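The following exercises concern a single protein model. Each task is followed by a solution that proceeds step by step.

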Amino acid sequence: MGTASAPAGWPTGSDRIKQDYVYAIAVVSSLFAILFARYVARYMQAYITWVQAGRLLSKQFPSPPSDSLIMGHAPSMQSPRNHRWLSDIHKQLGPLIYIRLAHNHCVLITDPNLLPRIFDRALYPPTSNVLDRPVDEMIKIIDLMTSDSGHSNLLTAKTGSQLWRLVRKGVAPAFNPQNIRQGFVYVLEADYQLIEVLKGIGPERAVDMDDAAQRTSLEVIGRVGFGKTFGCLESLDHPAEGDAFKMVAVGLEEVAKRLSNPLRAYMPWNEEVRKGDRAMKSFQHLIRTLLKEVKARGLPSEDDPTIAGHLLRLRDQSGQPLSDDALHAEFSVMFIAGTDTTGHTIANTLYLISQHPDADRKIAEELDSLDLLVTRTRRAPRQLQYADLSRMPYLSGAIRESMRMMAVVGSGVGRVAKQEMQLGPYTIPKGTILWAPIQAIHSSPALWDQPDAFIPERWMEDDAEFWKPSNASAADTAKANDAEAVRGRRYLPFGDGMRSCVGQSLAKMNYTATVALLLSHFSFRLADRMGGPEGVQAAEVSRIAVAPRNGMWLHAVPRA
Ligand code: HEM
């Protein structure tokens, strides 16, 4: 049988295949064209909305000259002196400023009438539906250090997320006064150990008290929160292999550098990056091992006051415990968030007191009146008690004054508007970052009398952390502008509202006891290598926290 062939003029089989190809290509290209057009239209729409938002914000708020056409003010905001830059521009431009951080619109706020609104304390409709921590790919860099799986944690999770709600609610009781005071004995243990190390070093040699105080804080979090001793104070004078503090410090430094320059993750040839990477991995290993140790102790009892106990007892709605990855991330974040912040606070306080002999004398008198000071006739004073922490108003005022003048999270904290919202009389477009520049608030001449002077006495007044309008008419205007106004804070070292620092009670117990005990045994003198107060200021570096670039070197001079 012969094969049937198409009559002349009719399309052959191969012609039909060609036609099918042409149709298919036409259909696919039209689809692509439609998709592309929709994508372009959507992008254009988003671009127009973004431009309009920028216009609206710059109409409402002044703006400093921008650093670059594309990046806007991002270079200044990411600079290591951003906390000081923010203070300076607020002094020039007032309490509300618009800046652009590449594609993010941002409003900087130091106005105490409006600050409560961004911290959800006076929001209508209330709260987390409207504002969130600005969680983006950048902040997720922190997750790379806190667990090997990159699991998010209390610090980096979104406010509305199930994880954040569950963990915040579950872990907050670990920091209530009743539970926290049970850890006081461990603070004493670490502090007395530090005092012995300082006595051994003697007054002639300067000590990096920033390093020493961070080590003490890491030990305190380990012992109070997880029942674990890391031995960081033993390595103070001669750093040892496997030093837990170095893992935290070097790893955290790399995280901070990557937050300003994410490209570092792709620079394996850079020795500094490799060192940071190794520290991050060693820290992950350290905390994984800690998690295993804690789990090996068995299910914690209901009255276990530790952070670990609270995290291990947590159950979600379906009765499931946190996964090991989640626990790993939560354990880690407590060390990451609490070690350097508390350590810098202690070191800054000792430095500022060393510069104010009058304050040092008053603190010594206060400690003496409580039989806590070492004197020629009292070589071994009585042991510090938990109750003493609230009997030292001058010392507490000096610490608060140092946290005001040298705020550790100096660049500030932010929230992002999840939908268009009103901020007092101003309209804030969706997606805008609302930023509270903490150092700028703490040093604003509009909010503080003599903001650059170290005056512990200002904290003896009631409600010193709240801004009080200087006359009745100012108060009335503030009320008229904002019927829902709540009292505005002008002191925010721990942030504010539902996402404020969960660990602040532990931090307060730790730094108050540590500063009291150190000052009952020593007075401190700034080492020459710091270059005086100007050198200390010039060496400030703001990464995640503000820290002295090469440490805070002081001489610990015995009191008697
Ligand atoms: C002087 C010491 C400390 C300072 C100055 C400090 C400061 C802060 C600040 C400013 C925030 C962000 C608040 C906000 O966005 O409103 C924060 C959050 C946080 N801090 Fe602290 N902190 C300190 C000590 C600690 C300690 C000791 C721990 C735990 C052991 C800790 C754990 C955390 C955690 C987990 C968060 C995230 C909370 C959340 O988002 O729900 N901090 N801290």
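**Exercise 1.** Determine how the span of helix 18 relates to the expected span, and how many of its residues are buried.

*Solution.* Helix 18 comprises 18 residues, and the distance from its first C-alpha to its last is 26 Å. Helices here are DSSP runs of H or I with at least four residues, and strands are runs of E with at least two, both numbered from the N terminus. The expected span is 1.5 Å times one less than the number of residues; for helix 18 the expectation is 26 Å, and the span is close to it. As to burial, 15 of the 18 residues of helix 18 are buried (20 or more other C-beta atoms within 10 Å of the residue's own, with C-beta atoms placed from the backbone).

The model is a predicted one: local features require pLDDT of at least 70 and side-chain atom pairs pLDDT 80 or more, while totals for chains, interfaces and linings use all residues. Residue numbers start from 1 along each chain as its sequence is written.

**Exercise 2.** Describe the shell around the ligand: which helix gives the most to it?

*Solution.* The ligand is surrounded by 25 residues, the closest being Gly 338, Thr 341, Gly 495, Cys 501 and Gly 503 (a residue is near if its C-beta atom, placed from the backbone, lies within 6 Å). Helix 13 (324-354) and helix 18 (504-521) each contribute at least two residues. Helix 13 gives the most, with seven. Sorted by class, the shell has 15 nonpolar, seven polar and three charged residues. In this scheme Ala, Val, Leu, Ile, Met, Phe, Trp, Tyr, Cys and Pro are nonpolar, Asp, Glu, Lys and Arg are charged, and the others, including Gly, are polar.

**Exercise 3.** Establish the strand order of the five-stranded open sheet and the direction of its pairings.

*Solution.* The order is 1-2-8-5-3, with mixed pairing (two strands pair if DSSP finds at least two bridges between them). Strand 1 (96-101) and strand 3 (131-132) are at the edges with a single partner strand each, so one side of each has no neighbour in the sheet. Strand 1 and strand 2 (residues 104-109) run antiparallel and are joined by six bridges; Arg 100 stands opposite His 105 of strand 2. Strand 2 and strand 8 (residues 433-436) run parallel, with three bridges, and Val 107 has Leu 434 in strand 8 as its bridge partner. Strand 5 (residues 413-417) runs antiparallel to strand 8 through four bridges, with Arg 415 opposite Leu 434.

How values were computed:
Buried ≥ 20, exposed ≤ 12 C-beta atoms within 10 Å, placed from the backbone.
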